[in-house]
Amino acid sequence: MSGTGAQVETQTRRGRRGEDVLRQIVTDAAPRLADADAEEVTRWAAEEFGDLLAVACSMADAVLPHLVSQAAPGVDVLFLETGYHFAETLGTRDRVAAELDIRVVDVLPELTVAEQDEEYGKDLFARDPAACCRMRKMEPLAAQLAGYEAWVTGVRREEAPTRAGTPLVTWDEAHGLVKINPLAAWTFDDLLGYAARHQVALNPLLTEGYPSIGCRPCTRAVAPGEDPRAGRWAGLTKTECGIHR
């Protein structure tokens, strides 16, 4: 199942609870789930947030959508359709939408690539990657997340020093909702093992030297032994798009 557009119509839902209530949920649940396994965390999330739960997925693999859909069939899976993706990433998205009991939502920027080029100049990503990420990722995601109480991400602690302290359940100040990271303690081998056991889709680029996959112009393959995120914005001081702060 799939949908398109940054503000996709959703099914009838109960009202979104206030910030104080959601913050208290984090306060109560975070210590209790601090050492829980990924399946326990996702079961809790499905029970607590119901259809006000969303999954963010870059389509490097289908592990997170598969995991969450076991507890929350039909869950919304948000894909940031920046207009700059590898063909392999778009193919993985289509396969995931067809094979799993989820609803893929393409979250679109306000401007198309052509419109952005006309307004800001061609290849903004090369001159001001922070601005490009803000317009094509951060702002569309923030607008989409406003309709949910919680979102699930695939952030893992081993991915980068900036992610080493990632909790399983936390309050997301930037977006004003609960953030759930059930794979935080997983290694890359854990990820591949889950994919093999459950026969879920993997982006073909993972086996071609791309352990971290972003937009095509800003991602390169990495050498054996190199930092897994070294291929993201290579040659720049930028290491994160700004979504996970």
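**A walk through the model, from its shaky start to helix H4**

Let's begin where the prediction is weakest: over residues 4–11, pLDDT (the predictor's confidence in each residue, from 0 to 100) stays under 50, and the model has 22 contacts for this stretch beyond four places in sequence, a contact being heavy atoms within 4.5 Å. Where pLDDT is low, the predicted coordinates should not be read in detail. Averaged over the chain, pLDDT is 89, and 89% of the residues score at least 70.

A bit of housekeeping. This is a predicted model, in which local features need pLDDT of at least 70 and side-chain atom pairs count only at pLDDT 80 or more, while totals for chains, interfaces and linings use all residues. Residues are numbered from 1 along each chain as its sequence is written, and side-chain values use heavy atoms, with hydrogens and water left out.

Now find glutamate 81, in the loop between strand E3 (75–80) and H4; helices (H or I, at least four residues) and strands (E, at least two) are DSSP runs numbered from the N terminus. With a relative accessible area of 16%, glutamate 81 counts as buried, since that word means under 20% (exposed is over 50%, partly exposed in between; 1.4 Å probe, protein chains only). Its side chain reaches the backbone nitrogen of glycine 83 at 3.0 Å. Beyond four places in sequence, glutamate 81 touches Leu90, Arg93, Asp106, Val107, Leu108 and Pro109. Serine 58 sits 23 residues away along the chain, with 9.1 Å between its C-alpha atom and that of glutamate 81.

Step on into helix H4 (residues 87–99) and you meet threonine 92. Threonine 92 is buried because its relative accessibility is 4%. Apart from neighbours within four places in sequence, threonine 92 is in contact with Met59, Leu202, Asn203 and Pro204.

Technical notes: Polar contact = N/O pair within 3.5 Å; in protein donor to acceptor, adjacent residues only side chain to side chain.
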